[in-house]
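Subject: Structure handover

Hi there,

Here is the structure I promised to pass on to you. Have a look at it first, and my notes follow just below.

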Amino acid sequence: MSCCNCHHREHEDDEEYDDIAETPPVLAVIMDLDGTLLNTEKATKGILNDFLKKYGKEVDREKEDNKLGMLHSESTAATVKDYDLPLTPEEFSKEIMALLIQRWPLAQALPGANRLIRHLHKQGIPLALASNSRTENVQKKVFNQQGWKESFSVIIGSDQVKSGKPSPDIFLEAAKRMGVDAANCLVIEDSVVGVMAGKAAGMKVVAVPSLQTQPDRYSIADSVLHSLLEFQPELWGLPAFEDWVGNALPIEPMYVQGLLQKGSLCEDTEDGPDALPDQVSGVYFGWARLSSNRIVKTVISVTWHQNTAKRVIRPHLIDEPDECISGQLLHILIVGYIREPSNKVNSPVHLEITEQNMSIASEALDLTMFLHHKNSPLLAEKPIVDDIAEE
């Protein structure tokens with residue numbers, strides 16, 4: 001599966017499969033944390049903007065995107081300079097860190113993260129966590145996630161090496177502590193500096209970009225994915241997942257609501273810890289509650305529009321005319337992901353929902369593992385006026 005903004009380089013032709021197969025086998029996996037496994041940005045969204053308001057400043061999105069993956073010391077110094085704050089980097093760091101720590105417990109695992117960690121740990125694959133954050137901060141975030149502490153044999157921050165990413169030091173140190181040669185390590189990263197560090201270390205690198213509309217910046221990676229749900233361990237010589245039900249994959253439920261206008265869902269909440277993660281892209285399915293409080297099966301296509309840097313969500317109700325629900329407020333619980341043919345190319349505007357997608361979703365939603373979500377409290381009936389009172 002692919003969309004206009006981020007293509008599976010590993011899926012483009014059989015020759016690349018052969019290239020991967022001919023390289024040294026993957027014996028260990030090293031992962032980044034923030035933006036790769038943990039949706040830290042959504043959990044801490046708005047903190048910087050609220051802080052800057054005290055000084056009459058506003059967040060510059062381009063400047064913030066350029067800080068993705070930076071060391072904390074580099075990021076704080078850049079922020080003080082970018083916004084001409086009357087603070088030293090150390091003063092700013094102390095103030096902003098206190099606010100961030102309060103929000104970290106709200107950070108949720110990104111789509112596919114828990115699944116991948118559990119799978120590799122169960123298969124006995126050595127796992128390391130290597131972050132540009134300080135080790136104590138990495139540990140605080142990891143300890144909030146059930147089962148993560150026990151799954152990683154190595155947890156390392158930038159304070160434990162001479163230089164942080166894009167230097168290869170942190171990845172080389174992680175490999176050393178696991179007792180695995182760098183050439184036998186696979187790095188999974190969301191930032192450009194992380195990808196650069198992994199390649200500099202002589203490792204294979206899978207990028208899952210946080211910057212969904214800037215895939216070209218990740219071109220040096222061996223593979224570029226939309227989310228970890230697309231990761232195929234067997235392509236790297238690792239044990240394959242065994243949780244697919246045909247072409248349907250059970251996922252941790254994700255909730256989204258909004259008005260349906262011209263076939264697209266206008267999200268009520270795009271920011272915050274409960275917002276749909278930016279890494280959600282592709283074809284999904286689940287349950288939708290209509291304004292009439294009826295709950296029906298739905299297939300959802302999610303892409304990013306490159307020109308507007310906006311997410312496009314298109315729900316398609318199964319056995320329900322789409323034109324009959326235009327203008328309605330929809331509550332959608334996404335419970336499954338659909339595997340697309342690897343050679344499928346979609347339009348820049350939206351991801352096409354096929355009859356096959358509809359059939360896969362309809363059959364899957366009749367299975368107990370998906371059907372029980374129909375009774376989720378998130379879809380419980382309540383007066384629609386309460387839902388739209390704040391609009």
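How many salt bridges does the count come to? The count comes to 12 salt bridges. Please keep in mind that this is a predicted model. I'll go through some of these pairs, then move on to the sheet, the cores and a few backbone details.

**Salt bridges**

Let me start with a pair inside one helix. Glu173 and Arg177 form a salt bridge, with 2.9 Å between the closest N and O atoms. Both belong to helix H10 (residues 169-178), and because they are 4 residues apart there, about one helical turn separates them. Glu173 is partly exposed at 23% relative accessible area, and Arg177 also counts as partly exposed, at 38%.

Another pair is Lys199 and Asp222, whose closest N and O atoms are 3.0 Å apart. Lys199 sits in helix H11 (residues 192-200), while Asp222 is in the loop between strand S5 (204-207) and strand S6 (223-224), so this salt bridge ties together parts that are 23 residues apart in sequence. Lys199 is partly exposed, with a relative accessible area of 31%, and Asp222 is partly exposed too, with 22%.

Then there is Lys297 with Asp366, a salt bridge of 2.9 Å from N to O. Here Lys297 is in strand S10 and Asp366 is in the loop between H12 and H13, so the parts tied together are 69 residues apart in sequence. Lys297 counts as buried, because its relative accessibility is 16% and the cut-off for buried is under 20%.

Finally, Asp32, Lys165 and Glu189 are linked in a salt-bridge network.

**The sheet and helix H12**

Next comes an open sheet of 6 strands, with antiparallel pairing and the order S8-S7-S12-S9-S10-S11. Strand S8 (264-267) and strand S11 (310-317) are at its edges; each has a single partner strand, so one side of each is left without a neighbour in the sheet. From one strand to the next, the twist averages 45°.

Within this sheet, S9 and strand S10 (residues 295-305) run antiparallel and are joined by 8 bridges. Val283 is opposite Ser301 in S10. Helix H12 (residues 355-364) packs on the sheet, where it touches strand S7 (248-261), S9, S10, S11 and strand S12 (329-338); the direction of H12 makes about 135° with that of S10.

Which residues of H12 are buried? They are Asn357, Ile360, Ala361, Ser362 and Ala364. Their cover includes S7, S9, S10, S12 and helix H13 (368-371).

One residue of strand S9 (residues 282-289) deserves a separate word, and that is Arg289. Is Arg289 buried or exposed? Arg289 counts as buried, because its relative accessibility is 0%. The side chain of Arg289 makes a polar contact of 2.6 Å with the side chain of Asn293, and the Arg289 side chain also reaches the backbone oxygen of Leu379 at 3.2 Å.

**Nonpolar cores**

The largest nonpolar core has 32 residues, and Val29, Met31, Leu37, Leu129, Trp148 and Phe152 are those with the most contacts inside it. At least two residues of this core come from each of strand S1 (28-31), helix H7 (113-122), strand S2 (127-130), helix H8 (135-143) and strand S4 (185-189). H7 gives the largest share, 4 residues.

Setting aside neighbours within four places in sequence, the residues in contact with Leu129 include Met31, Leu37, Val138, Val142, Phe152 and Ile155. There is also a second, separate core of 27 residues, including Ala28, Val161, Ala197 and Val205.

**Backbone details**

Most residues other than glycine have a negative phi, and most peptide bonds are trans. A few places depart from that pattern.

- The peptide bond from Lys165 to Pro166 is cis, with omega near 15°; Pro166 is in the loop between strand S3 (154-156) and H10.
- Asp84 has a positive phi, near 50°. Asp84 is in the loop between helix H5 (72-82) and helix H6 (89-103) and is exposed, with a relative accessible area of 59%.
- Lys262 has a positive phi of about 55°. Lys262 is in the loop between S7 and S8 and is exposed, at 81% relative accessible area.

Happy to talk any of this through.

Best wishes

Key
Residues are numbered from 1 along each chain as its sequence is written. This is a predicted model: local features need pLDDT of at least 70, side-chain atom pairs count only at pLDDT 80 or more; totals for chains, interfaces and linings use all residues. Side-chain values use heavy atoms; hydrogens and water are left out. Buried means under 20% relative accessible area, exposed over 50%, partly exposed in between (1.4 Å probe, protein chains only). A polar contact is a pair of N or O atoms within 3.5 Å; within protein, one must be able to donate a hydrogen and the other to accept it, and residues adjacent in sequence count only if both atoms are side-chain atoms. Two strands pair if DSSP finds at least two bridges between them. Axes are lines fitted to C-alpha atoms, for helices over the stretch in contact, and angles run from 0 to 180 degrees between N-to-C directions. Contact means heavy atoms within 4.5 Å. A nonpolar core is a set of buried Ala, Val, Leu, Ile, Met, Phe, Trp, Tyr and Cys residues joined through side-chain atoms within 4.5 Å. A salt bridge is a side-chain nitrogen of Lys or Arg within 4 Å of a carboxyl oxygen of Asp or Glu.
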